[in-house]
Amino acid sequence: MEGLLSAAATVLSLWFTLAFALIVLPSVFGVSLGISELYMRLLVKTLEWATRRIQKGVKQEQAMALKNSACSGIIQRDETPMEKGIAGLHRVDFELSDVFYFSKKGIEAIVEDEVTQRFSSEELVSWNLLTRTNVNFQYISLRLTMIWVLGVLVRYCLLLPLRVALAAFGIVSMIVGTTLVGQLPNSSLKDWLSELVHLTCSRILVRALSGTITYHNKENRPQKGGICVANHTSPIDVLILTNDGCYAMVGQAHGGLMGLIQRSTVKACPHVWFERSEIKDRHLVTKRLKAHIADKNKLPILIFPEGTCINNTSVMMFKKGSFEIGGTIYPVAIKYDPQFGDAFWNSSKYDIVSYLLRIMTSWAIVCNVWYMPPMVREEGEDAVQFANRVKSAIAQQGGLTELPWDGGLKRAKVKDTFKEEQQKNYSKMIVGNGPMGAESD
């Protein structure tokens, strides 16, 4: 028995020594030994082979149906604007048959509206040996089944323990490192050590997710005294960005482990944490953020203006608060590749622990990050218009669908004022009393 325990201890010791030498040390210096690249090449070839086997195992008609359902959704929509649709129904007076047009639009919205589908995981065209698609692939071949079983063993028995160990090491290092650095007097040395700790720990945590990130246009990276705004898919968006640079975070103060991390990191870096009672005070929040960006020696603020996670297909309404405080805005577009793992956090379905387990048992987290040229508020442009302009730029760069809806609809009902506005617009289209959005007589 003692010999068995000794052998197990030796294996674990060797395992963690290799992990430290091959993962942690390269993270400190920001270099890669090529292990991730080799793993990704092997993974891509495996998924390509699986896709070919699946295509051989299903009929051509089923493959075409899969492609159409994944690309076009549940129903086929007529994309004609409602104003033109109404105009084609009649030319002078309202007719009772016109209600069928509105009934059709209402049924389409009930079956598959363009808002709520953004709060669930996007569909995949082909099976990634990880998550089954909307067609629910069944048995295809013995070889493919064996590859799937092998993948389960690799992900849960090999990758998961390593990733959990790396994540624990990264979090502990973050807490200890920032606490020690926070004891130093304010100086350039303290700032340099703080950035080193944050970058190193973020890189370790990204490696704990087998993250493969491609950063584009690094010359546009956010500068000190600015505001970085990005689309929001997952809590790990923060790690994706801090893997390449340091930011000052903005958010509500928490308790538990998250609160411990917040209290330790704020000692070394000027993060902006608000108490629950303070975050509802817009004037106080704005005042603190303006004071932060006024100091050009402080790190750029990182903000996700959508206020909630969207499923990697769209960009929804940006809250105007981030665009009222002035300063230079540095837009960043983040786009994940769902073929290797679903990064979207459906907080209404999974708690944070379940979500992290799903992430850590994925093949990898692969994404592209685009740094975009800085933007400033133009003369005569209000905060809402500025927010929409930045949102449009991010959506276009990331290949995402731009939607005007508020992400808060994930948990809240549509406001009555918005319903009334739509009713007025519909009535104007019917009676020909002016364009949409015009004031009623």
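Here is a walk through one helix, one of its residues, and a strand with its two partners, all taken from a predicted model.

Let's start with helix α6, which covers residues 142-182. With 41 residues at 1.5 Å a residue, you'd expect α6 to span 60 Å, and its end C-alpha atoms sit 57 Å apart, so the two figures agree. That doesn't make α6 free of bends, though: there's a kink of about 40° at L159. Look a little further along the sequence and you'll find a proline, P161, shortly after the kink.

Stay on α6 and find T178, which belongs to this helix. Is T178 buried or exposed? Its relative accessible area is 1%, and the cut-off for buried is under 20%, so T178 counts as buried. The side chain of T178 reaches back to the backbone oxygen of I175, at 3.3 Å. Leaving aside residues up to four places away in sequence, T178 touches S173, V197, H198, S264, T265, K267 and A268.

Now over to strand β8, residues 365-371. This strand is mostly covered, with 6 of its 7 residues buried. Which strands does β8 pair with? One is β1 (residues 211-216), which runs parallel to β8 and is joined to it by 6 bridges. To see where they meet, pick out G211, which stands opposite I365 of β8. Another is β7 (residues 329-336), which pairs with β8 in the antiparallel sense over 5 bridges. Here you can use A333 as your marker: its bridge partner in β8 is W370.

While you have the strands on screen, keep one rule of thumb in mind: in a regular strand, side chains alternate between the two faces of the sheet.

Note on methods. Residues numbered from 1 in each chain as written. Predicted model: local features only at pLDDT ≥ 70, side-chain atom pairs only at ≥ 80, totals over all residues. Heavy atoms only, no water. Helix = DSSP H or I, 4+ residues; strand = E, 2+ residues; numbered from the N terminus. Expected span 1.5 Å × (residues − 1). Bend = angle between axes of the 7 residues up to and from the residue. Buried < 20%, exposed > 50% of the residue type's maximum accessible area, 1.4 Å probe, protein only. Pairing = 2+ DSSP bridges. Polar contact = N/O pair within 3.5 Å; in protein donor to acceptor, adjacent residues only side chain to side chain. Contact = heavy atoms within 4.5 Å.
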